[in-house]
Amino acid sequence: MADLKITRRMGFAVALLVYALDQFIKAIIIHGVNLPVRTVIEVLPIFRFYWVENHGISMGFLTADGPVERWLLVLLTAGIAVAVVFWLWRERNKLDAAALGLVLGGALGNITDRVRLGYVADFLDLHFGGVHPFLVFNVADAAITVGVLLLVLRALLVRTPAASEKN
């Protein structure tokens with residue numbers, strides 16, 4: 001039981017750290033750098049800050065064109081976050097708990113944007129000349145992506161023995 005408590009605490013600590021970092025960086029980008037007005041800041045030949053108000057979810061799916069759709073997206077993503085909390089609460093594997101923490105922290109960061117701003121603030125643009133292999137994203141999106149990839153990779157590559165094999 002002590003290991004489970006430590007695993008939970010670690011997962012929720014990761015979520016809190018991701019959430020705080022996401023909101024802190026968004027505050028700097030929005031208020032400090034004033035990116036919504038400047039729209040683009042070239043940082044490196046392959047990276048720039050590029051302001052995007054994302055009214056939908058990944059890749060433009062489920063775009064919220066009005067307040068009803070906006071709050072439906074908030075409810076949908078909050079429901080997913082609640083499911084992640086339940087999963088994290090029961091998770092015994094520390095790597096999976098950390099991955100779930102990444103997903104939860106990112107989801108909460110984007111939910112906060114949608115509630116506060118009416119959209120998700122995206123601003124990180126990695127590109128190679130005219131090739132943009134990723135959509136414009138934010139810290140929360142990156143955390144969600146890394147968390148999901150860790151969960152998928154662990155599920156595909158790490159085999160745990162079934163109960164019948166242990167006996």
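Here is a short walk through this structure, from its overall layout to its aromatic rings.

The model is a predicted one, so it is best to begin with the broad outline. The protein has 6 helices and 3 strands, and along the sequence these follow the pattern α-α-β-β-α-α-β-α-α. The C-alpha trace spans about 65 × 40 × 30 Å along its principal axes. Of the 167 residues, 37% count as buried. The accessible surface comes to about 10100 Å², and carbon and sulfur atoms contribute 71% of that area. If you look at contacts with a separation of 6 or more, 65% of them are between residues 24 or more positions apart.

Let us turn to the strands. Strand β2 (residues 47-54) and strand β3 run antiparallel and are joined by 6 bridges. One place to find this pairing on screen is Phe47, whose bridge partner in β3 is Leu126. Strand β3 covers residues 120-126 and is mostly covered, with 6 of its 7 residues buried.

Now for the aromatic rings, which form 4 pairs in the structure. Take Phe12 and Trp89 as a starting point: their ring centres are 6.4 Å apart and their planes meet at 50°, which lies between the limits of 30 and 60 degrees, so the pair counts as tilted. This pair links distant parts of the chain, since Phe12 belongs to helix α1 (residues 2-32) and Trp89 to helix α3 (residues 67-90), 77 residues apart. How buried or exposed are these two residues? Phe12 has a relative accessible area of 28% and is therefore partly exposed. Trp89, at 45% relative accessibility, is partly exposed as well. Trp89 also has a charged residue as company: Arg8 lies over the face of its ring, at 3.7 Å from the ring centre.

Back in the strand region, Phe47 and Phe49 form another aromatic pair. Which geometry does this pair have? It is edge-to-face, with 5.4 Å from centre to centre and 80° between the planes. Phe47 has a relative accessible area of 18%, and because the cut-off for buried is under 20%, Phe47 counts as buried. Ring pairs extend the picture further, linking Phe47, Phe49 and Phe123 into a cluster.

A second charge over a ring can be found at Arg48, whose charged end sits over the ring of Tyr50, 4.5 Å from its centre. When you look along β2 and β3, it helps to recall that side chains in a regular strand alternate between the two faces of the sheet.

Key. Residues numbered from 1 in each chain as written. Predicted model: local features only at pLDDT ≥ 70, side-chain atom pairs only at ≥ 80, totals over all residues. Heavy atoms only, no water. Phe/Tyr/Trp six-rings, centres within 6.5 Å; stacked < 30°, edge-to-face > 60°. Helix = DSSP H or I, 4+ residues; strand = E, 2+ residues; numbered from the N terminus. Buried < 20%, exposed > 50% of the residue type's maximum accessible area, 1.4 Å probe, protein only. Lys NZ or Arg CZ within 6 Å of the ring centre and 35° of its normal. Pairing = 2+ DSSP bridges. Contact = heavy atoms within 4.5 Å. Areas by Shrake-Rupley, 256 points an atom, 1.4 Å probe, with all protein chains shown as cover.
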